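Please open the model in your viewer and set it up so that you can select residues by number and show their side chains. The tour below goes from stop to stop, saying at each one what to select and what is there.

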Amino acid sequence: MADSQGEACPRCGNMSTHFYRVDTALKVALSSTGQGGDIPQKVCENCYSSLATNVSQGMKLRMEQEAREKNKVKMWKTRVNLVKHARVLMANKAYSEAAVIYEKYIRVLEIVYNLNRGELSPKVFNNSQRSKEMTVIASVYWDLVRIYDTSPAYGDRMAKAAAKLAEFLPFTTIYPMVVKKAEAFSKSAKNPAVIRQFLKLTKTSRGPCFLATAVFENEPYAVELMVFRKFRDQHLRTHVLGKQFIWAYYKMSPPLADWIRRRPFLKQLLRPTLKKLSLLLIKHLKTNE
């Protein structure tokens, strides 16, 4: 502590006769909490007390933030076990229990991505290494749709699950399988209107381009994907040969897409080719508008 006759504090400017040295340890502590800045070598008693309080509060906030992040990582790692557990329950026809676990899985994802309930969407996974998670999410929502169909009391939940399924399904390789199952399920479902609405939404979202989706795996909203889907819907679907091509493509491409997805070098190799192809298709689409 140093004495001075009415000297101005270099931090706050107030006059003081008592000053405290801001040592390296205090500066490091302040810096670790994001409050370093340009701190004078000595400050008045009030400023010193304020800095010490800031360190205490900053460290507390930092520890709380670190704890939250660690909890998110832990939750992310346990999500797989939640899905596995729910599927075991499904196999044992413990549908209510499975629904609870599935909903926990969805909530884990919402917490990890700092979302409110019901805000999980494919956009969350855009340019994300976790984009493969969308296939798991779609399968979870498909199971929830079937679970909630078991009781009229769950009609609203079923509709919400079906709407979410329609959002995620177009960005997965299980699209044709789920659509086919849904078409069959609509004939025996207790709430067939929900299934019909789901199928309508799914067709509106236009379905996936498996190979292109694999190449642009981390960019589910890439312009190229939209172009390929538009070409398919506006041209291939309009004639018999085009429909046959689509059917064959949906049947054969998922395994190839999975093979490509596991080979990053191949995805990088195919990207320029698909980009050039999309540009050609854009010209073709504009010509025929």
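What follows is a walk through a predicted model, beginning with charged pairs, going on to two helix contacts and ending with a few single residues.

**Charged pairs**

Side chains of opposite charge can pair when their charged atoms come close. In this model the count of salt bridges comes to seven, and three of them are visited here, beginning with Glu-7 and Lys-42.

Select Glu-7 and Lys-42, and display the side chains, which meet in a salt bridge with an N to O distance of 3.2 Å. Because Glu-7 belongs to strand 1 (residues 2–8) and Lys-42 to strand 3 (residues 42–44), this pair ties together parts that are 35 residues apart in sequence. Glu-7 is partly exposed, at a relative accessible area of 28%, and Lys-42 is also partly exposed, with a value of 32%.

Next, select Asp-143 and Arg-146, whose closest N and O atoms are 2.3 Å apart in a salt bridge. Both residues lie in helix 4 (residues 133–148), where they are three residues apart, or about one turn of the helix. Are the two partners buried or exposed, in whole or in part? Asp-143 is buried, with a relative accessible area of 8%, whereas Arg-146 is partly exposed, with a relative accessible area of 32%.

For the third pair, select Glu-224 and Lys-275, which form a salt bridge with their closest N and O atoms 3.0 Å apart. Here Glu-224 comes from helix 9 (residues 223–234) and Lys-275 from helix 11 (residues 264–287), so the salt bridge ties together parts that are 51 residues apart in sequence. Glu-224 counts as buried at 12% relative accessibility, while Lys-275 is partly exposed, with a relative accessible area of 32%.

**Helix 10 against helix 11**

Two packed helices are described by the angle between their axes and the distance between the axes. Stay with helix 11 and add helix 10 (residues 240–261) to the selection; the two axes come within 7 Å and cross at roughly 110°. That angle makes helix 10 roughly perpendicular to helix 11. To see the contact itself, show the side chains of Trp-259, Ile-260 and Arg-261 on helix 10, together with Leu-266, Lys-267 and Leu-270 on helix 11. Sorted by class, this contact of helix 10 with helix 11 has four nonpolar, no polar and two charged residues.

Now center the view on Lys-267, which is found in helix 11. Despite its charged side chain, is this residue buried or exposed? Lys-267 counts as buried, at 11% relative accessibility. Leaving aside residues up to four places away in sequence, Lys-267 touches Ala-214, Val-215, Glu-217, Ile-260 and Arg-261.

**Helix 4 against helix 5**

Go back to helix 4 and select it together with helix 5 (residues 155–168), where the axes come within 8 Å and cross at roughly 155°. The two helices are therefore roughly antiparallel to each other, and helix 4 passes helix 5 in a left-handed crossing. On the helix 4 side, the residues to show are Met-134, Ile-137, Ala-138, Tyr-141, Trp-142, Leu-144, Val-145 and Tyr-148. Facing them from helix 5, the contact is made by Arg-157, Met-158, Ala-161, Ala-162, Lys-164, Leu-165 and Phe-168. By class, the contact of helix 4 with helix 5 has 13 nonpolar, no polar and two charged residues.

**Single residues to finish**

Select Val-80, whose place is in helix 2 (residues 45–91), and which is partly exposed with a relative accessible area of 36%. Then add Tyr-105 and draw a C-alpha to C-alpha distance, which is 8.4 Å for this pair, although Val-80 and Tyr-105 are 25 residues apart in sequence.

The last two stops concern the backbone. Most residues other than glycine have a negative phi. Select Lys-93, in the loop between helix 2 and helix 3 (95–112), and check the backbone angles: phi is positive, at about 60°, although Lys-93 is not a glycine. Lys-93 counts as exposed, at 63% relative accessibility.

Finally, move to Asn-114, found in the loop between helix 3 and helix 4. What is the phi of Asn-114 near? The phi of Asn-114 is near 55°, again a positive value in a residue other than glycine, and Asn-114 counts as exposed at 59% relative accessibility.

Methods:
Residues numbered from 1 in each chain as written. Predicted model: local features only at pLDDT ≥ 70, side-chain atom pairs only at ≥ 80, totals over all residues. Heavy atoms only, no water. Salt bridge = Lys/Arg side-chain N within 4 Å of Asp/Glu carboxyl O. Helix = DSSP H or I, 4+ residues; strand = E, 2+ residues; numbered from the N terminus. Buried < 20%, exposed > 50% of the residue type's maximum accessible area, 1.4 Å probe, protein only. Axes fitted to C-alpha atoms, helices over the stretch in contact; angles between N-to-C directions. Parallel < 35°, antiparallel > 145°, perpendicular 65-115°, else oblique. Contact = heavy atoms within 4.5 Å. Nonpolar A, V, L, I, M, F, W, Y, C, P; charged D, E, K, R; others polar. Left-handed = near helix turned anticlockwise from the far one by under 90°.
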